[in-house]
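Subject: Handing over the structure, with notes

Hello,

I am passing this structure on to you, and below it you will find some notes on what was found in it. Please read them slowly, with the structure open beside them.

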Amino acid sequence: MVNAPRLALHGITKQFPGCLANDSVNLTLDAGEIHALLGENGAGKSTLVKIIYGVQHADSGTIDWEGESTAIANPAQARRLGIGMVFQHFSLFESLTVAENVALGLDNPGQMREMTRRIVEVSTRYGLALEPTRHVHTLSVGERQRVEIVRCLLGEPRLLIMDEPTSVLTPQEVDRLFEVLRRLAGEGRTILYISHKLEEIRALCDKATVLRGGRVVGECDPKTTSARAMAEMMIGTELSSPKRLGDAVAGAPMLRLNNLSTTSDHPFATNIKSANLSVCAGEIVGIAGVAGNGQAELLAALSGEELVPVPGMIEIEGRPVGHIGPRDRRGYGMAFVPEERLGRGTVPEMTLSENALLSGYTVDILGMVKSGMVRSVQTQGYASRVIKTFHVAARGHGSVARSLSGGNLQKFIIGREMMLEPRLLVVAQPTWGVDAGASASIRQALLDLSRAGAAVLVISQDLDELFELCDRMAVIYHGRISETVQVKATSVEAIGLLMGGVFGTSEDRQDNEGPNAAA
Amino acid sequence: MIFHDVIHELTAILVTTVFASTPMLYAALGELVTEKSGVLNLGIEGMMLVGAIVGFAVTTLTGSAIFGVAAAALAGAAVSSVFAVLTLLLLANQVACGLALTIFGTGLSALIGRSYIGKPLARIPQLHIPQLTDIPLIGPLIFGQDALVYLSVAMAVAVYWFLNRTRSGLILRSVGENHDAAHALGYSVVGIRFLAVLFGGAMSGIGGSYLSLAYTPLWSEGMTAGRGWIALACVTFSTWRAGRVLLGAYLFGFFTIAQLHAQAFGVPIAPEFLSMTPYIATIVVLVLISRKASLVRMHAPACLGQVFNAG
Amino acid sequence: MLRLEPRAQPSTRMMLATPVLAVLLTLLAGLVLFAILGVNPFDAMYAFFIQPVENWYGVAELGVKATPLILCAVGLAIAIRANIWNIGAEGQLVMGGIFGGGLGLFWSDGGGLWVLPAMFIAGAIGGALWGAIPAFLKTRFNANEILTSLMLTYVAQLLLEKLIHGPWRDPKGFNFPQSKPFESYASIAPMFEGTRLGFGFVIALIVAVGGWLLLSRSFLGFQIKVIGLAAPAAGYAGFSQRRITWATLMLSGALAGVAGVNEVAGPIGQILPSISPGYGFTAIIVAFLGRLHPLGIVIAALLIALSYIGGDAAQMSMNLPVAVASVFQGMLLFFLLATEVLIRYRIRGRRRIVHG
């Protein structure tokens with residue numbers, strides 16, 4: 001049928017144990033349309049597109065592809081139909097080359113030489129520069145996304161699904177991606193664009209469908225709808241902004257980095273190069289940056305999980321601590337919320353009271369450990385207090401960490417660290433993947449902590465979050481940290497340039513392997 | 001006269017090194033493919049012993065070494081399939097299952113082998129080309145070996161080719177590198193790993209059969225004496241690169257045989273101490289390779305030993 | 001088609017049921033095995049599992065064989081919980097026998113009450129030293145402890161052979177490779193008349209209780225568990241991977257060493273070229289059968305001890321090969337690992353594709 005929509009979903013329903021991910025979802029996509037699928041974390045967007053791509057199967061409902069009723073059994077069949085998908089978490093193999101990675105993603109790659117030629121052709125046509133012989137582990141995150149997109153495009157898709165593509169891009173890279181998508185739409189292809197970033201959707205998309213709790217709660221035209229209206233559709237209630245209690249009154253520097261440089265055994269690591277930074281009591285300092293620019297190495301150096309050669313490179317309250325480990329750094333008043341919640345911040349199989357012990361043992365007055373023995377009364381009591389104070393939705397201190405939702409687990413971890421009454425708190429990705437309600441309370445807690453006199457350092461990819469929370473900001477790029485700027489005196493664009501590496505020094509260009517791809 | 005003796009001695013050392021290395025080369029090549037797909041199979045010792053006794057038994061019963069070796073390969077694969085089911089389908093811990101396989105294989109081979117202890121068997125024939133084999137030193141080395149030795153070298157080349165030059169090899173490597181990504185791309189992680197494990201089992205079986213059909217043509221309990229573990233060390237030593245497995249197997253084979261030559265030479269060290277050399281050498285080599293953690297991490301299949309559940 | 005769905009929380013019911021299930025499956029498989037071997041399966045089962053413990057001597061023998069298994073397995077379980085795979089317990093056991101037994105053999109003084117304790121301490125030191133080597137190689141050079149501890153097992157065995165064929169050979173022993181028997185002050189006397197069960201069994205039980213307290217109540221035990229379950233979390237908490245590696249390897253080595261002394265000074269009564277029928281390896285099975293829990297290990301050890309004794313008994317009465325015992329043990333471990341999946345996963349039917 002000529003004028004049938006490209007894709008029509010009717011009544012798609014999908015149930016997981018304990019969670020109704022999709023509830024009678026209807027969705028219609030036309031040719032040449034850029035359609036946003038909007039909703040916050042946990043609304044069911046990922047599940048829906050996995051059903052479209054054949055990774056999951058719906059419990060009930062129908063799918064019509066270009067007017068014909070279809071069952072999509074697996075990704076290979078989806079690709080044959082003409083559906084391509086770029087996942088949020090890339091399916092790339094670090095130690096293999098770009099060409100090998102693309103070949104693995106195609107059902108019929110043919111000869112390597114022919115495919116390399118096609119890669120070059122497609123990537124130049126759409127302005128997605130790529131070198132087929134480079135190993136993926138040498139590529140930046142933005143470049144890796146290009147590999148994913150080119151891999152998709154080689155299959156000539158008529159529907160391209162993009163799952164949260166911009167969370168790993170600098171603002172300038174986002175603009176370039178949008179140009180590519182508009183070009184593809186102009187060729188008659190349909191783009192299904194999943195995101196929770198309202199300004200981007202308003203800039204890019206023709207139509208938006210809003211999901212909440214697995215259900216379609218509304219459709220709108222992003223170009224004529226305000227961001228606030230869309231946000232309220234997503235959340236279902238009125239938004240409230242966190243209360244900032246006036247300007248920060250910065251006290252003595254709690255944390256100071258002096259020419260911090262790291263080395264690593266890991267072949268794929270990004271080393272920190274001569275970083276300088278200070279965070280004072282009573283203020284919140286942020287470090288923005290796209291993943292893969294050295295955040296993990298910086299965090300490991302800050303927490304003490306990796307020691308640095310010169311003790312004075314890291315100072316807590318003036319004390320050189322570069323050579324001492326996490327336990328002693330906590331003794332000096334530092335607390336730390338890592339990026340990985342399950343597996344680093346908590347042990348997934350252990351209960352909340354046992355997980356309280358992970359950092360609680362360093363504070364003697366809590367009395368969790370005595371004469372080498374663990375005192376469960378103390379650990380359970382502490383865990384219960386954290387659960388109560390931070391409104392963690394868990395059955396009690398005996399619940400295992402793995403059974404908590406992402407937002408609640410993060411609330412527990414942040415609560416556990418904050419209730420140790422630290423003088424310095426280092427937080428990584430505080431609200432990544434956390435629903436709006438928990439996000440708001442976490443951000444409020446951070447603000448309250450800093451106003452109470454603690455120094456807070458936030459390392460995040462989320463510029464909105466950083467602009468909301470921080471007094472000062474810097475950017476990390478290829479292991480270097482920029483000068484800090486007052487948040488009130490800067491803009492997203494300016495930070496975006498810094499994130500793209502425009503620090504203004506020639507050394508940075510030498511850091512790039514191969515031609516300078518960014519900015 | 002002395003020169004002649006030295007050449008003779010040198011030839012003996014080289015030739016016996018080949019004998020000693022061949023079982024480990026087979027087992028190491030098999031384990032390499034298995035580990036490249038992301039599976040760590042510690043049951044090599046058990047699989048080799050099963051291969052050794054089955055090869056011996058079938059050769060004795062049928063009179064044909066070809067049937068014997070084929071049966072050994074099948075037996076090794078069969079035993080490894082138990083490991084595959086446990087680790088790939090029932091998601092059990094790979095280290096524990098590998099150890100279980102070793103214990104079970106050792107016991108099973110002893111059970112099957114009790115009626116074959118002390119039975120003699122003719123060694124499988126070696127090549128003899130009139131002019132070529134008689135060349136001093138390289139003659140017997142290159143032109144005087146048995147079929148299994150030539151096959152082992154051919155397999156080394158084949159494994160290298162498979163892993164680095166074919167699409168199937170690329171897919172196998174990707175499964176070991178990032179099994180979630182491979183699954184997302186539509187590849188059957190479990191299926192590919194299963195085949196890799198079976199291949200490893202078959203190769204270990206053949207390697208074991210070499211011991212009982214060529215190296216010392218007889219059966220005795222536990223005759224692998226740790227060679228399976230040394231083959232494992234070989235794979236680590238090679239940093240998962242096929243070319244180096246060949247080098248490693250011959251190096252370790254030399255260690256196992258050198259002490260026998262030293263004893264024959266009358267080196268004034270107690271035989272028990274000399275017997276320790278292959279094991280101590282293995283530790284030393286392992287330490288030297290492992291020191292460079294970055295090298296290991298770069299080449300080791302990233303998903304080695306991790307459980308995969310598609311769910 | 002079936003698929004496996006992860007449970008939210010590991011099933012405690014299954015944790016207790018799976019060892020029982022595994023034992024039952026093994027017994028079933030055993031019946032099949034005996035049938036293949038051409039013997040009456042039920043007679044063989046009786047000879048294997050019931051006959052050996054029909055008298056008090058047999059029951060005491062259970063304790064004799066279980067002692068080294070408990071000692072090694074408790075140490076192993078503690079190490080495995082920290083994800084340290086000490087496969088070389090057999091070698092550490094041998095070194096314990098060499099150190100402790102050597103002390104007992106060459107005690108020139110004439111005896112005293114403190115010879116035996118000194119022997120035990122020496123044995124523990126010997127085992128701990130042998131466990132320290134893989135610990136050193138792992139923490140300093142990142143060398144895999146499975147291979148290093150295993151290679152050292154062969155080295156230890158060869159060292160024992162050298163000593164027995166050489167300097168430690170009993171001059172009055174008709175040139176047999178064996179040491180002279182231990183004097184009474186260096187021997188562990190049986191606790192009960194007519195049996196071989198010595199004080200070592202009590203030590204093993206104390207060790208099991210101690211191991212349980214360590215793992216469940218102590219802070220060191222907590223660190224061990226965290227390292228084994230989530231190594232990055234241990235790094236986050238500031239637990240030292242190095243210290244735990246040294247501690248677990250030396251502890252399990254020491255316990256294996258105690259087992260070694262106990263064997264030579266107790267049931268064997270002298271030093272022989274082979275002082276263990278593979279207790280160090282079988283302890284791995286015991287550790288898993290006991291769900292890596294010291295108290296479960298005691299029960300598991302008694303069961304495995306039964307399979308050892310049963311193997312000997314069945315050989316004598318029914319001419320079955322001794323290797324049957326290790327086939328049983330291997331099968332048991334397989335079934336155990338196979339049923340373990342039920343603890344962490346639920347079996348579900350696979351969903352069908354939705355057609356429009």
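To begin with a small puzzle, which residue in β14(A) is the bridge partner of A:L255? It is A:I316. Before going further, please keep in mind that this is a predicted model, in which local features need pLDDT of at least 70 and side-chain atom pairs count only at pLDDT 80 or more, while totals for chains, interfaces and linings use all residues. Residues are numbered from 1 along each chain as its sequence is written, and chains are lettered from A and ligands numbered from 1 in the order in which they are written.

**Strands in chain A**

The puzzle pair belongs to strands β11 (residues 253-260) and β14 (residues 314-316) of chain A, which pair in the antiparallel sense over three bridges. Here helices (H or I, at least four residues) and strands (E, at least two) are DSSP runs, numbered from the N terminus, and two strands pair if DSSP finds at least two bridges between them. These strands are part of an open sheet of four strands in chain A, with the order β12-β11-β14-β15 and antiparallel pairing. Its edge strands, each pairing on one side only, are β12 (275-280) and β15 (319-320) of chain A.

Elsewhere in chain A, strand β13 (residues 284-288) pairs in the other sense: it runs parallel to strand β20 (residues 455-460), with five bridges joining them, and parallel to strand β21 (residues 472-477), over four bridges. A:I284 has A:V456 as its bridge partner in β20(A), and A:A288 has A:V475 as its bridge partner in β21(A). In a regular strand the side chains alternate between the two faces of the sheet. For β13(A), both faces are covered, with A:I284, A:G286 and A:A288 buried on one side and A:V285 and A:I287 buried on the other. A residue is called buried if 20 or more other C-beta atoms lie within 10 Å of its own, exposed if 12 or fewer, and partly exposed in between, with C-beta atoms placed from the backbone.

**Chain B and its helices**

Chain B has 13 helices and zero strands, and 52% of its 311 residues count as buried. Its C-alpha atoms fill a box of roughly 70 × 45 × 40 Å along the principal axes. A compact globule of 311 residues would have a radius of gyration near 19 Å, and the 20 Å of chain B agrees with this; the radius is taken over C-alpha atoms, and the globule rule is 2.2 Å times the number of residues to the power 0.38.

One helix to look at is α10(B), in which eleven of eleven residues are buried. What covers its buried residues includes α1 (2-36), α2 (44-62), α11 (242-265) and α12 of chain B, together with α6 (145-165) of chain C. Just after α10(B), B:T239 takes a positive phi of about 40°.

**Where the chains meet**

Between chains B and C, 40 residues of chain B are in contact with 39 residues of chain C, where contact means that the C-beta atoms of two residues, placed from the backbone, lie within 7 Å. On the chain B side, α3 (65-89), α4 (94-113), α10 (227-237) and α12 (271-291) each supply at least two residues. That side divides into 28 nonpolar, nine polar and three charged residues; Ala, Val, Leu, Ile, Met, Phe, Trp, Tyr, Cys and Pro count as nonpolar, Asp, Glu, Lys and Arg as charged, and the others, Gly among them, as polar.

Chain C also meets chain A, with 21 residues of chain C in contact with 37 residues of chain A.

**The core and the domains of chain C**

The largest nonpolar core has 367 residues, and those with the most contacts inside it are B:C234, C:I70, C:C72 and C:A73. Such a core is a set of buried Ala, Val, Leu, Ile, Met, Phe, Trp, Tyr and Cys residues joined through C-beta atoms within 7 Å. Helix α3 (residues 56-81) of chain C gives the most to this core, with 15 residues. Domain 1 (1-48 + 320-351) and domain 2 (66-316) of chain C both give residues to this core, so it lies between them; the domain bounds come from an automatic or database domain assignment.

The C-alpha centres of these two domains of chain C lie 27 Å apart, and their contact takes 15 residues from domain 1 and 14 residues from domain 2. On the domain 1 side, α13(C) gives the most, with seven residues.

With good wishes for your reading.
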